[in-house]
Amino acid sequence: MSANVIVVGAGVVGCGVAGELARQGVKVQLLDRQKPVEEASWAAAGMLSPSPEGPGMEPLVPLGRASLALYPGFVEEVESASGLRVGFRRQGALVAFFGARADHEQGEFLAALARFELAGEPLTAEEARRREPHLSKEAGAAVWLAEEASIDNRALGRALVLAASRAGVRMQIGVAVQGLILEGNRCRGVVTGGAKIPADHVVIAAGCYSAGIEQVARYAPTRPMRGQMVAMEAGSAMPASVLRSMREHLVGYLVPRGDGRLLAGSTMEDAGFDKSQTPGGLRRILDAAVEMIPALENARVLETWSGLRPDTPDHLPILGPTDIGGLSIATGHFRDGILLAPITARLARQWILGQKTDLPLDPFSPMRFLKSATAR
Ligand SMILES: Cc1cc2nc3c(=O)[nH]c(=O)nc-3n(C[C@H](O)[C@H](O)[C@H](O)COP(=O)(O)OP(=O)(O)OC[C@H]3O[C@@H](n4cnc5c(N)ncnc54)[C@H](O)[C@@H]3O)c2cc1C
């Protein structure tokens, strides 16, 4: 294909899509208004978990499973293309249940996993502590998810940028896209600070900022959802796997990194584009961390930060072509963009090059928001 594709936004999603297309011989320009991978893709915890997170999120599970299955090959490709390691760890995850309803919640969680044919092993509190000796004695029950993994998303971001540029992607940094060049029902490129950059196809992958690009909000009504994070030096209290705590819903999580850092997260805050960290947010994260592993009480805090998840009205990603020829969307990955980066890259390559997609795009189509707007 000799077409010229512009990808707007160099997070893990945009970098993944750009690299995948360039490896197929497509001429790709990747535009970002700032240094690549400094937004949500930098802020994330890096859990690779396709487990269902709540009602309405069902379409996400097959997408997440497919992406997790692609991960080993994706990592091998990006590591060999970039020469960098990305800290992919297939160490499983332990979900711990606290409080009087622990057994009941364990049963509900196992039933939800079974509905999607996801493997989960029920553990008693004693069995869970044999896996994680520092797990609090207050944990009443647990589920072991052997297939789950994690990745150092900051390292992944650096490697994806390098891999994309080595595949021939032309990276343009400091270029803020304001709108689209539209001719009738066709997109012919983008408008940036007065200048126009022509292209045969434009992919919007600007995370929670996508809706701010003129003419894009109707297809990608994204909005930011803040998450604060803390990194600690866990020392001997370091868990062997990802640890999540449930008390009626997800309360907190701990993600061990190979470099000795333990990441604790997170909050879910509707705070606009404000990336502050707050005493209330940090306290909730730290309380949940110490509730899971009391030995973290005196761990050294190394870093705090926050990022903006790209949320959507139905909390599902927005993937696929629009009714404007040459314009497609790859954003709105909310809490799962790191997990979903490989499948997004693959699907985008398939829909842009006219290949059959591995999975149906209907539940994620950018057209679903237009339909609901006209139905109302
Ligand atoms: C605290 C936190 C924890 C998370 N934990 C996990 C996790 O454990 N697992 C998981 O899978 N996901 C997790 N996520 C979600 C994940 O981080 C996101 O879904 C994912 O990073 C989205 O990637 P992206 O490339 O779409 O967006 P981003 O990484 O936000 O990148 C968007 C890019 O677009 C650029 N841009 C924006 N507007 C313009 C414009 N007008 N012109 C040019 N460029 C523009 C930005 O500068 C940015 O570089 C977490 C998120 C947060 C905040």
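## Close-up views of a predicted model and its ligand

**View 1. The shell around the ligand is a mix of residue kinds.** The residues of this shell divide into 24 nonpolar, 11 polar and six charged. Here Ala, Val, Leu, Ile, Met, Phe, Trp, Tyr, Cys and Pro count as nonpolar, Asp, Glu, Lys and Arg as charged, and the others, Gly among them, as polar. This is a predicted model, in which local features need pLDDT of at least 70 and side-chain atom pairs count only at pLDDT 80 or more, while totals for chains, interfaces and linings use all residues. Residues are numbered from 1 along each chain as its sequence is written, and side-chain values use heavy atoms, with hydrogens and water left out. In total, 41 residues surround the ligand, and the closest are Asp 32, Ser 41, Met 47, Arg 335 and Leu 339; a residue is near a molecule if one of its heavy atoms lies within 4 Å of it.

**View 2. Backbone atoms meet the ligand.** Let's zoom in on some polar contacts, meaning pairs of N or O atoms within 3.5 Å; within protein, one must be able to donate a hydrogen and the other to accept it, and residues adjacent in sequence count only if both atoms are side-chain atoms. A polar backbone atom of Arg 335 is 2.8 Å from a nitrogen atom of the ligand. Oxygen atoms of the ligand also have partners: a backbone N or O atom of Ile 338 lies 3.0 Å from one, and a backbone N or O atom of Leu 339 lies 2.8 Å from one. On its own the ligand has 1000 Å² of accessible area, and the protein covers 98% of that; such areas come from the Shrake-Rupley method with a 1.4 Å probe, and for residues only the protein chains shown count as cover.

**View 3. The ligand lies between two domains.** Domain 1 (4-83 + 153-222 + 313-375) and domain 2 (93-146 + 224-311) both give residues to the shell, so the ligand lies between them. The domain bounds come from an automatic or database domain assignment. The centres of the two domains, taken over C-alpha atoms, are 28 Å apart. Their contact takes 28 residues from domain 1 and 29 residues from domain 2, where contact means heavy atoms within 4.5 Å. Among the elements that supply at least two shell residues each are helix H1 (12-23), strand S13 (223-233) and strand S17 (300-311). The largest share, four residues, comes from S17. Helices (H or I, at least four residues) and strands (E, at least two) are DSSP runs, numbered from the N terminus.

**View 4. Gln 228 is a buried residue of strand S13**. Its relative accessible area is 0%; buried means under 20%, exposed over 50%, and partly exposed in between (1.4 Å probe, protein chains only). The side chain of Gln 228 reaches the backbone nitrogen of Thr 278 at 2.8 Å. Gln 228 also touches other residues, including Gly 265, Ser 266 and Trp 305.

**View 5. The peptide bond from Gly 265 to Ser 266 is cis**. Its omega is near -20°. Ser 266 has its place in the loop between strand S16 (261-265) and helix H7 (279-292).

**View 6. Glu 117 and His 315 have positive phi values**. Phi of Glu 117 is near 55°, and that of His 315 is about 65°. Glu 117 counts as exposed, at 66% relative accessibility, whereas His 315 counts as partly exposed, at 31%.

Notes. Lists of a residue's contacts leave out its neighbours within four places in sequence.
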